[in-house]
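Student: I want to learn how to read contacts and empty space in a model. Where do we start?

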Amino acid sequence: MGQPTPARNFPTDGNWWRSAVIYQVYVRSFADGDGDGTGDLAGVRARLPHLAGLGVDALWFSPWYPSPMKDGGYDVADYRAVDRAFGTLAEAEKLIAEASELGIRTIVDIVPNHVSDQHPWFRAALAAGPGSPERELFHFRPGRGARGELPPNDWPSQFAGSTAPVWTRLPDGDWYLHLFTPEQPDLNWAHPAVRQEHEDILRFWFERGVAGVRIDSAALLAKDPDLPDLATHSGPHPFVDRDELHDIYRSWRAVADAYDGVFVGEVWLPDAERFARYLRPGELHTAFNFAFLSCPWDAGRLRAAIDTTLAEHAPVGAPATWVLCNHDVTRTVTRYGREDTAFDFATKAFGTPTDLELGTRRARAAALLSLALPGSVYLYQGEELGLPEAEIPVERIQDPMHFRSQGADPGRDGCRVPLPWTAGEPYAGFGSREEPWLPQPAGWASYAADRQQRDPSSMLALYRAAVAARPVFGDGPLTWLPAPDGVLAFSRADGARCVVNLAPTPVDLPAHSEPLLTSGPLDDAGRLPQDTAAWLRA
Ligand code: NOJ
């Protein structure tokens, strides 16, 4: 192991995360530095100028650890190393340092709910047999039924739409719990060694100069020790959002505070009050705003989602986050181009009709909306290029979500297609000598970054301009302004305004306001057309 990377060379700004623009890198699909068909850290390092040019404050890397890739790296075999396909730990340290020189912080992704079945702890548990202390680190149980042939309880899979079981039986008769795939056994968070290990892992990455940690499946770690059936159980949910989690995160916070590190939790919870509990002082700094991500393109619904978000964060003093997509959900331009513009895992289907022109217009407006709101903003790689969701040929699908739904769910590969960088090169400049791990659809090169770089009307140009201009909103609160039905209009404390027209009728921009940036052209009368947003200096 090399020497830890020296501490970040940023000016002291302990509050950077309250208003940051954070870019998610899914390494496998970002850029291929060694040409083998899989993205890697060399590819990211070579493309750092693109990220600096975009103006982002931080990069969140989906898991880069050694993994059998049964769930795209969310099946971690070693939390203190880098998968050989992506590079080495020394290279990760270089990347963290190089990004930091460009003023970009690094956030790593920790997966605490489960490990890979190839993790040494699980292998030891398998070898040690029923009743062993090694098995206490997981949830092993005898089965039910006369011969133990039935799973220990009725819990449903956490892959939406999946009917696949969450228990797998071993030849020695024991069953083990895995809320996701059988290759992702759940850890037993009531065991002190599990807590100790994860706090050490946090320190390991903070020591290497990372500024933050994204916590995967953050509301699922704690389980009711009795593992009761869900159907007949009353009282707190046996594995979602249990109160014990808060103690775990308070300990994590103490670790992070020693390094000025920050957390962003993946907390999917419908209850706003329960969600906000994770953001109380001394717990997580931020959590992803899935209510906003799932919200349909509808002025009333968006305004309600924004109001609820701000109201739920205010009492705990945490900043909101604004997220339109990530590596698990339908890409924004596609979602907004469909009849149903909400995101819901349950309604994903093959062959949904999509108007990409409409979706792109709305996605451009949504970009200006989210970048004008108070809090931090997450961008998912390719969002700045306006990439659509790809339909992956069934025989090339790799995502377990597809297989665990018996093929009904198209899975999440459609938003994980290797990025197009250079229009004239093989595989749109992704860097591979051979076909990349997921196929790029026809026409992918038309989205290439080099083309968009030269086109002032491109999605990339819009994102670059918006990220650069965003400081005009300052860090003050949001005030809604009077506006016709279907129009969202607000100002921020220092006077900059954002107007988004979702209604069919064009709207006049407020008098005496200077348009700073628009997501599309104004009409001949200088009005803001449907599905268009404007930023205005008062
Ligand atoms: C959430 C991650 O974002 C997703 O990709 C993964 O499949 C599950 N957690 C399980 O780790």
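Tutor: Start with a definition. A polar contact is a pair of N or O atoms within 3.5 Å. Keep in mind that this model is predicted. Now apply the cut-off. In arginine 412, a polar side-chain atom lies 2.9 Å from an oxygen atom of the ligand.

Student: How far from an oxygen atom of the ligand is a polar side-chain atom of histidine 114?

Tutor: The distance for histidine 114 is 3.0 Å. Aspartate 328 also takes part: an N or O atom in its side chain is 2.5 Å from an oxygen atom of the ligand.

Student: How much of the ligand's accessible area does the protein cover?

Tutor: On its own, the ligand has 290 Å² of accessible area, and the protein covers 97% of that.

Student: Which residues around the ligand come nearest?

Tutor: There are 13 residues around the ligand. The nearest are Asp71, Asp216, His327, Asp328 and Arg412.

Student: Now the empty space. How is it found?

Tutor: Rolling a probe the size of a water molecule over the atoms shows where empty space is left. Two kinds matter here. A pocket is open, while in a cavity the probe fits but cannot get out. The largest pocket holds about 920 Å³ of space.

Student: How many residues line the largest pocket, and which are the closest to its centre?

Tutor: The lining has 42 residues. Closest to the centre are Glu266, Trp268, Leu269, Phe290 and Phe345. Three elements give two or more residues each: helix H7 (272-277), helix H8 (290-294) and helix H9 (299-313). H9 gives the most, with four residues.

Student: What is the lining of the largest pocket by class?

Tutor: Count 20 nonpolar, 12 polar and 10 charged residues.

Student: Why does the largest pocket lie between two domains?

Tutor: Look at who supplies the lining. Both domain 1 (16-113 + 195-468) and domain 2 (120-177) give residues to it, so the largest pocket lies between them.

Student: What volume does the second largest pocket have, and where does it lie?

Tutor: Its volume is about 620 Å³. Use the lining again. Domain 1 (16-113 + 195-468) and domain 3 (476-537) both contribute residues, so the second largest pocket lies between these two. Its lining has 27 residues, and Arg18, Ser19, Gly375, Asp475 and Arg492 lie nearest the centre. By class, 14 are nonpolar, eight polar and five charged.

Student: Next, the closed spaces. How many cavities of 30 Å³ or more does a search of the whole structure find?

Tutor: The search finds three. The largest cavity has a volume of about 60 Å³. Its lining includes Leu324, Arg331, Thr332, Glu383 and Tyr463. Helix H10 (332-335) and helix H14 (459-469) are the elements that give two or more residues to that lining. The classes are six nonpolar, two polar and two charged residues.

Student: And the second largest cavity: what is its volume, and which element gives the most to its lining?

Tutor: The second largest cavity measures about 50 Å³ in volume. Among the residues that line it are Trp16, Trp17, Ile107, Phe263 and Tyr378. Strand E8 (262-265) and strand E11 (376-380) each give two or more residues. E8 gives the most, with three.

Student: How do the residues lining the second largest cavity divide by class?

Tutor: Nine are nonpolar and two are polar, with no charged residue in the lining.

Methods:
Residues numbered from 1 in each chain as written. Predicted model: local features only at pLDDT ≥ 70, side-chain atom pairs only at ≥ 80, totals over all residues. Heavy atoms only, no water. 1 Å grid on protein atoms, 1.4 Å probe; cavity = no way out; pocket = protein on both sides within 12 Å on 5 of 7 lines; lining within 4 Å. Points joined across faces, edges and corners; volume = space filled by probe spheres on them. Nonpolar A, V, L, I, M, F, W, Y, C, P; charged D, E, K, R; others polar. Domains from an automatic or database assignment. Near = heavy atom within 4 Å. Polar contact = N/O pair within 3.5 Å; in protein donor to acceptor, adjacent residues only side chain to side chain. Areas by Shrake-Rupley, 256 points an atom, 1.4 Å probe, with all protein chains shown as cover.
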